[in-house]
Amino acid sequence: MTSADPTRVIAIARSWLGTPYHDQASLRGIGCDCLGLARGVWREVVGPEPFPIPPYSRDWGETGPREVLAEGARRMMIEMQPTAAGPGALVLFRMKPRAIAKHVGILTGPDTFLHAYERLGVIEEPLTPSWRRRIAFAFLFPQR
């Protein structure tokens, strides 16, 4: 599987900037959450979503035996070591120790990323050490 052009991934992701936050939505300019942002970028970069996304909780402290988000990404994306992730990579954040990874972002530069955040919508911000240490998984979008 060949990875998509990271410049294209970033340009598409940035086209979502300013989209309001809306839990479990995925409509550019209308509303999305972090997974909805990734789903929207997928649709433009790769094509139709391969399977429906079941409802999910917003609890960043959720624990459990399975990394459901990472397992889903593994089925359709190219996994890589988080330390090797660069611009254009989709990253999954573990927001609390021992919790499962529940937040999604797209790296836009060596020290910046884009994500949908409650009350702020889709924003691009610095990948601070606090954010960087929470990255648990990283994936590349496949080429169409």
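This report describes the sheet, cores, salt bridges and cysteines of a predicted model.

**The sheet**

Six strands make up an open sheet, in the order β3-β8-β4-β5-β6-β7, and their pairing is antiparallel. The edge positions belong to β3 (78-80) and β7 (121-126); each has a single partner strand, so one side of each is left without a neighbour in the sheet. From one strand to the next, the twist averages 35°. Strands of a sheet pair through backbone hydrogen bonds, in either a parallel or an antiparallel manner.

The pairing of β6 with β7 can be followed residue by residue. Strand β6 covers residues 112-117 and is joined to β7 by six bridges, the two strands running antiparallel. T112 stands opposite P126 of β7, and F113 has E125 in β7 as its bridge partner. The hairpin of β6 and β7 has three residues between the strands, and R119 in this hairpin takes a positive phi near 75°.

Helix α1, residues 6-14, lies across β5 (103-109), β6 and β7. The helix runs at about 120° to β5.

**Nonpolar cores**

The largest nonpolar core has 28 residues. Within this core, the residues with the most contacts are V41, V45, L90, L92 and F141. Both helices and strands contribute: α1, α2 (34-45), α3, β4 (90-93), β5, β6 and β8 (135-140) each supply at least two residues. Helix α2 gives the most to this core, with six residues. Another core, of 11 residues, lies apart from the largest one and includes A89, L107, L127 and I135.

A73 is placed in helix α3, which spans residues 68-74. A73 counts as buried because its relative accessibility is 7%, and buried means under 20%. A73 and A84 are 11 residues apart along the chain, and 17 Å separates their C-alpha atoms.

**Salt bridges**

Side chains of opposite charge can pair when their charged atoms come close. The whole structure holds eight salt bridges. Three of the pairs are described here, with the distance between the closest N and O atoms or from N to O.

| Pair | N to O distance | Separation in sequence |
|---|---|---|
| R39 and E49 | 2.6 Å | 10 residues |
| E67 and R94 | 2.5 Å | 27 residues |
| D111 and R132 | 2.7 Å | 21 residues |

In the salt bridge between R39 and E49, R39 belongs to helix α2 and E49 to the loop between α2 and α3, so the pair links distant parts of the chain. R39 counts as buried at 19% relative accessibility, whereas E49 counts as partly exposed at 26%. R39 and E49 are also part of a network of salt bridges that includes R43.

The salt bridge between E67 and R94 starts from the loop between α2 and α3, where E67 lies, and reaches R94 in the loop between β4 and β5, so the pair ties together parts that are 27 residues apart in sequence. E67 counts as buried, with 16% relative accessibility. R94 counts as partly exposed, with 26%.

D111 and R132 meet through their side chains in a salt bridge. This pair also links distant parts of the chain: D111 is in the loop between β5 and β6, and R132 is in helix α4, residues 129-132. D111 is partly exposed, with a relative accessible area of 45%. R132 is partly exposed as well, with a relative accessible area of 38%.

**Cysteines**

A disulfide is a covalent bond between the sulfur atoms of two cysteines. The count of disulfides in this model is zero. C32 is in no disulfide, and the nearest cysteine sulfur to its own is that of C34, 8.6 Å away. A disulfide requires the two sulfur atoms to be within 2.5 Å, so the 8.6 Å between the sulfurs of C32 and C34 does not qualify. For C34, the nearest cysteine sulfur is that of C32, and C34 is likewise in no disulfide. C32 is buried, with a relative accessible area of 0%, and C34 counts as buried at 9% relative accessibility.

Conventions:
Residues are numbered from 1 along each chain as its sequence is written. This is a predicted model: local features need pLDDT of at least 70, side-chain atom pairs count only at pLDDT 80 or more; totals for chains, interfaces and linings use all residues. Side-chain values use heavy atoms; hydrogens and water are left out. Two strands pair if DSSP finds at least two bridges between them. Helices (H or I, at least four residues) and strands (E, at least two) are DSSP runs, numbered from the N terminus. Axes are lines fitted to C-alpha atoms, for helices over the stretch in contact, and angles run from 0 to 180 degrees between N-to-C directions. Contact means heavy atoms within 4.5 Å. Buried means under 20% relative accessible area, exposed over 50%, partly exposed in between (1.4 Å probe, protein chains only). A nonpolar core is a set of buried Ala, Val, Leu, Ile, Met, Phe, Trp, Tyr and Cys residues joined through side-chain atoms within 4.5 Å. A salt bridge is a side-chain nitrogen of Lys or Arg within 4 Å of a carboxyl oxygen of Asp or Glu.
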